Amino acid sequence: MKPVHPTTRPLALLAVATMLALGVALPVRATADDASEPRGPIVKTRKIAPGLTFTRIVRRRLPLRTFVLRADLAEAITFDTTIATAALPSRKVLSRIVRNHAALAGVNGDFDEGLGNTVHPFAQDGELLHTAGPGAEVFAVTRDESQTFLDVPKVRVTVTDRSSGHVFVLDRWNRRAAQPGEIVGFSPLGGTLAAPPPFSCSVRMLPLGPSQPADPDGVEREFVVDVSICSEAPLQPEGGVVISTSPGTDEATELLALVPGTPMRLHWTLGWSNVFDAVGGDPILLRNGTPAPICTSCSRHPRTGLGVTAGGEILLVVIDGRRPRWSRGATLGELRKILRDLGAVDALNLDGGGSSEMVVEGEVVNRPSDGHERRITSAVLILPGPDPGE
C-alpha cells in the first residue's frame with residue numbers, strides 16, 4: 001500500500017517542527033531567573049502502534065495545550081469515519097465510540113446540526129449517511145488508503161432499473177420527504193430522524209450483495225425490488241432502502257411500474273473514485289499548501305483539525321481552550337499555522353468548542369471545555385489493521 005506522496009517526515013523532526021509551528025525559539029539551558037519554566041514548549045511523543053504516534057505539546061506561559069496524532073496509512077493502520085450510533089439520531093461520547101470500534105485513537109468529527117445529524121455529507125464503510133446543501137466541504141480517503149481528497153464534493157445519488165436501463169436521479173438521501181416532482185431515498189442509517197414519509201408512493205429494495213467501488217467514481221450496490229406501493233403508512237426499509245415520491249405525480253407512476261423482482265443498482269458519489277469514508281467540516285484551512293480564505297476575526301476556542309502532509313500522513317490535532325489557567329484555545333488562523341508547520345499541505349477544521357476531544361488507547365488525553373465528554377454525532381478513528389466494516 002503506497003501513499004500518494006513518496007516521502008514522509010522523520011519523527012525525529014517532529015519536536016522542532018512543532019516549536020516552529022507555535023512560533024517560538026528552540027529551548028535553551030534555563031538560568032536562575034527562568035529555571036521554573038522552559039522558554040520553548042514541552043513536547044512529548046510516544047508510539048501507539050506501527051505508523052501511529054501521539055504527541056502532547058504544552059506551552060505554559062500562554063497557556064496552550066495541543067495534542068497531535070500522526071498516522072502513516074502505509075503501515076498496518078486504517079483511517080475510518082463513523083457516526084456515534086447505528087442510525088440517526090446519533091449521539092455518544094467519543095471514548096465509547098472508540099471502544100465500540102476497538103480503535104487505537106480518535107477525535108470528534110463533523111459539526112452537529114442540532115438533531116443528532118452531521119451538517120455536511122458523510123460516508124462510512126461505503127454507505128452514504130445523507131446529502132446536504134451546496135457549499136459542503138468534505139475530506140475523504142480512498143478505500144485502499146492510498147489517496148486523499150479535500151474539496152466541495154459533487155454529490156449525486158441514482159437508482160437504475162437494470163432490466164430497462166432507466167435511471168432515477170434522487171433529489172436527496174436521508175433528508176426530507178419528497179415534494180411534487182422529487183424522488184428521495186432512505187436507508188437504515190437514517191433511523192428515526194430520516195425515516196420514509198407517510199402518504200407517499202414508495203419502492204422498497206433489498207440488497208443482493210455488499211457495496212463495491214464504481215467506475216469511474218463513487219460506490220454502487222445491487223438490489224432487487226421487494227414491494228412498490230402507495231400508502232398512508234410509511235414503507236419501512238427492513239434492511240433495504242426505500243425510494244419515495246408524492247402520490248399522483250409522474251414520478252409515482254414510474255415507481256409503481258417497478259414490480260417485485262426487478263433488479264436495481266444504487267449508485268452514490270462525491271465525485272471521487274474508490275471513496276468509502278468521508279467527513280465534513282468548515283472551513284478548509286489549506287489546499288495544496290495554499291492558505292484558504294477563513295474568518296480572520298474569530299475568537300480563540302477549543303479546536304479540532306485534520307491535515308494531510310506532503311508524504312501522505314494524516315494529522316489529527318486537538319487544541320484545548322476556554323480554560324484560562326490550562327489552555328486559551330486557538331483562532332482558525334492559529335490552528336492553520338500549527339497544522340501547516342507540522343507538515344500539513346491540506347487541512348480542514350472539524351467541530352470545536354466543547355466537542356473538541358481526543359482519545360488515545362481508551363484514555364481521554366485532553367480536557368474538554370465542558371468539564372466532561374460531550375455526546376457527539378460523528379468521529380474520525382484510527383483502527384489497528386484493516387477496517388472490518390469494509
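**A tour of two disulfides and one helix**

Begin by selecting C201 and C230, which are joined in a disulfide with their sulfur atoms 1.9 Å apart. Keep in mind as you look that this is a predicted model. A disulfide is a covalent bond between the sulfur atoms of two cysteines. If you now colour the strands, you will find C201 in strand β14 (residues 200-207) and C230 in strand β16 (residues 219-231), so the pair ties together parts that are 29 residues apart in sequence. Turn the view to look along the S-S bond of C201 and C230: the torsion there is about 100°, so this disulfide is right-handed. With the surface switched on, compare the two ends, for C201 is buried, at a relative accessible area of 2%, whereas C230 is partly exposed, at 37%.

How many disulfides does a search of the whole structure find? The search finds two, and for the other one you should select C295 and C298, whose sulfur atoms lie 2.1 Å apart. This link is also right-handed, with 125° about the S-S bond, and here C295 is partly exposed, with a relative accessible area of 32%, while C298 is partly exposed as well, with 24%. Counting bonded cysteines along the chain, the disulfides follow the pattern 1-2, 3-4.

Next, select helix α4, residues 332-341, and show the side chains of its buried residues, which are L332, L335, R336, I338 and L339. These residues cover an arc of only 165° around the axis, which puts them on the same side of α4. Finish just after α4, at G343, where the backbone takes a positive phi of about 115°.

Note on methods. Residues numbered from 1 in each chain as written. Predicted model: local features only at pLDDT ≥ 70, side-chain atom pairs only at ≥ 80, totals over all residues. Heavy atoms only, no water. Buried < 20%, exposed > 50% of the residue type's maximum accessible area, 1.4 Å probe, protein only. Helix = DSSP H or I, 4+ residues; strand = E, 2+ residues; numbered from the N terminus. Arc of directions from axis to C-beta. Disulfide = S-S within 2.5 Å.
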